[in-house]
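The following questions and answers examine strand pairing and helix packing in a predicted model. Please consult the sequence and the structure shown here.

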Amino acid sequence: MATTSAVIHPVTRPVKFALVVDNFAVQFVGKQHADHLLQILHKNYKAVCEDWEAKLFCGITFDWDYAERRTCTLSMPGYIKATLLKYTHPTPSQPQHAPHRYNPPTFGTKQQKPEPLDTTAIATPQERKRIQRIVGTLLFYCRAVDPTLAVTLSDLASEQSRATELTLKDVHQLLDYCATHPDAKLRYHASNMQLGIHSDASYLNAPKGRSRVGGYFYLGDPSNGAILTPTGILKLVVSSAAESEIGGLFANLKEGVIIRQTLTDMGHPQNQTPVQTDNSTASGFADDSIKQQKTRAIDMRFHWVRDRQKQRQFKVFWDKAARNRADYFTKHHPTSHHQAVRPTYHPSPSS
């Protein structure tokens with residue numbers, strides 16, 4: 001009995017989509033390919049709603065300007081108003097332009113005074129639960145459109161299990177800040193889709209002798225909207241400011257590997273990713289232009305940064321701190337700095 005075999009050539013369809021629960025955000029080239037995806041959805045699901053203007057996804061409003069400015073502006077109108085109403089937060093009598101407390105440095109001294117110990121009363125279980133809910137509610141808003149909340153929410157998240165009356169005051173200040181700036185917008189410009197990273201760290205400014213690291217991830221040009229602004233506390237206690245900066249590189253480059261692969265899978269192959277740091281020692285460590293003394297111990301995992309640079313995935317370079325946008329996500333700043341920096345992340349309607 002003779003047998004035959006056939007080779008089936010699959011049809012390649014230029015369709016990419018992000019799926020969050022039951023929300024699809026679909027990118028396509030050629031409407032026939034999008035119609036093919038819709039056919040499958042209609043076949044397997046009873047209720048399928050279509051939005052060909054892509055105005056809303058996961059609660060985020062998209063304002064597209066393809067022709068004139070080639071921009072996409074993200075916003076969440078009414079989200080903060082609903083949050084303040086949900087947690088019965090009153091309208092502040094005076095505008096609040098800083099999301100967190102600020103401990104001013106003492107200039108002219110070799111060693112800065114640490115944050116004063118919190119001796120206020122412990123919060124009740126109900127108050128701690130309220131703090132956790134507020135942090136969770138604002139975290140989504142922060143990641144979607146308002147990165148200026150990132151450091152404050154990170155601090156509150158680390159304190160919520162042992163919250164005190166001072167923590168409650170910090171939450172109150174954060175909500176006042178949100179009430180003062182209720183409708184943040186994040187704008188992206190058309191770019192070459194090449195990833196860039198700003199990396200920074202702040203030495204010994206976190207509890208228990210630890211350091212905070214932060215990053216600013218963008219596509220094309222730093223003036224473009226941030227696609228990611230990670231901020232967090234190094235788990236290990238580092239021995240110098242340079243080591244904390246290297247730890248920041250380690251944390252940001254780990255995120256960068258994932259984003260580079262995601263962009264490549266989306267059809268945007270990546271060149272060597274530029275990574276800016278404002279610490280010359282960290283830059284020299286990454287490109288192996290300085291030699292580490294035997295008595296200077298640096299966590300062995302940080303040598304991974306050197307390996308990735310030798311593989312030409314990243315290019316770490318030094319530039320002035322004033323041009324490092326990750327600095328905002330590593331420490332607490334005075335009110336004047338928040339007012340000066342906020343327009344950098346949130347465009348005005350006329351910009």
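Q: In what order do the strands of the open sheet of four strands lie?
A: The sheet is open and its pairing is antiparallel. Read across the sheet, the order is β3-β4-β5-β6.

Q: Why is one side of β3 and of β6 left without a neighbour in the sheet?
A: Strands of a sheet pair through backbone hydrogen bonds. β3 (56–57) and β6 (185–189) stand at the edges of this sheet. One side of each is therefore left without a neighbour, because each has a single partner strand.

Q: Which residue in β4 is the bridge partner of Phe57?
A: β3 and strand β4 (residues 60–65) run antiparallel and are joined by two bridges. Within β4, the partner of Phe57 is Ile60.

Q: Which residue takes a positive phi in the hairpin of β1 and β2?
A: Strand β1 (residues 15–20) and strand β2 (residues 23–28) run antiparallel, with six bridges between them. One of the bridge pairs links Val15 with Phe28 in β2. The hairpin has two residues between the strands, and the one with a positive phi near 60° is Val21.

Q: At what angle do helix α3 and helix α5 pack?
A: Glu127, Arg130, Ile131, Ile134 and Leu138 of α3 meet residues of α5 that include Thr167, Leu168 and Val171. By class, this contact has eight nonpolar, one polar and two charged residues. The crossing of α3 past α5 is left-handed. The axes of α3 (residues 125–144) and α5 (residues 165–180) are 11 Å apart, and the packing angle is about 35°.

Terms used:
Residues numbered from 1 in each chain as written. Predicted model: local features only at pLDDT ≥ 70, side-chain atom pairs only at ≥ 80, totals over all residues. Heavy atoms only, no water. Axes fitted to C-alpha atoms, helices over the stretch in contact; angles between N-to-C directions. Left-handed = near helix turned anticlockwise from the far one by under 90°. Contact = heavy atoms within 4.5 Å. Nonpolar A, V, L, I, M, F, W, Y, C, P; charged D, E, K, R; others polar. Pairing = 2+ DSSP bridges.
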